[in-house]
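I opened this entry to look up how two helices pack against each other and which side of one of them is turned inward.

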Amino acid sequence: MKNINKLIYPIIYIIGLLILLGTSTNKYQWMQGMDKTIVQLPEDSSANTAIGMTVLTLILVIMQIIHCKFARSRLEKNAVIILAVLTSMVWAIKFS
């Protein structure tokens, strides 16, 4: 069971981080890919994407905190803390 957790846990984290990186900040951003003449995008007033990505970021950081609590080596703990900070930085750059 521990071997499965050691494999699944990083996969879930990487998928979550890729979702965070791949999600656009404006739901109308796809329009610029269709028509290059669009300079001003419509205002996205719902902010559903930002809320969803905030929840995803919190889940990823909490996963890393739990992983840090159960990590045995100092190197593993440092790596987990760096990954949690990286996730927070990605969120801060994209969604704040």
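I began with the pair: the axes of helix H3 (residues 48-70) and H4 come within 9 Å and cross at roughly 170°, with axes taken as lines fitted to C-alpha atoms, for helices over the stretch in contact, and angles running from 0 to 180 degrees between N-to-C directions. H3 and H4 are therefore roughly antiparallel, the word used for angles over 145 degrees. I listed the contact (heavy atoms within 4.5 Å) and found, among its residues, Met53, Leu60 and Val61 of H3 and Val80, Ala84 and Trp91 of H4. The residues of this contact divide into eleven nonpolar, seven polar and two charged, where Ala, Val, Leu, Ile, Met, Phe, Trp, Tyr, Cys and Pro count as nonpolar, Asp, Glu, Lys and Arg as charged, and the others, Gly among them, as polar.

I noted that the model is predicted, that local features need pLDDT of at least 70 and side-chain atom pairs 80 or more, and that totals for chains, interfaces and linings use all residues. Residues are numbered from 1 along each chain as its sequence is written, and side-chain values use heavy atoms, leaving out hydrogens and water.

Which residues of H4 are buried (under 20% relative accessible area, 1.4 Å probe, protein chains only)? I found Val80, Ala84, Thr87, Val90 and Phe95. Seen down the axis of H4, these fall within an arc of 120°, judged by the directions from the axis to the C-beta atoms, so they line one face of the helix. On the other side of H4, Arg74, Leu75, Ile82 and Ile93 are exposed, that is, over 50%.

Notes
Helix = DSSP H or I, 4+ residues; strand = E, 2+ residues; numbered from the N terminus. Parallel < 35°, antiparallel > 145°, perpendicular 65-115°, else oblique.
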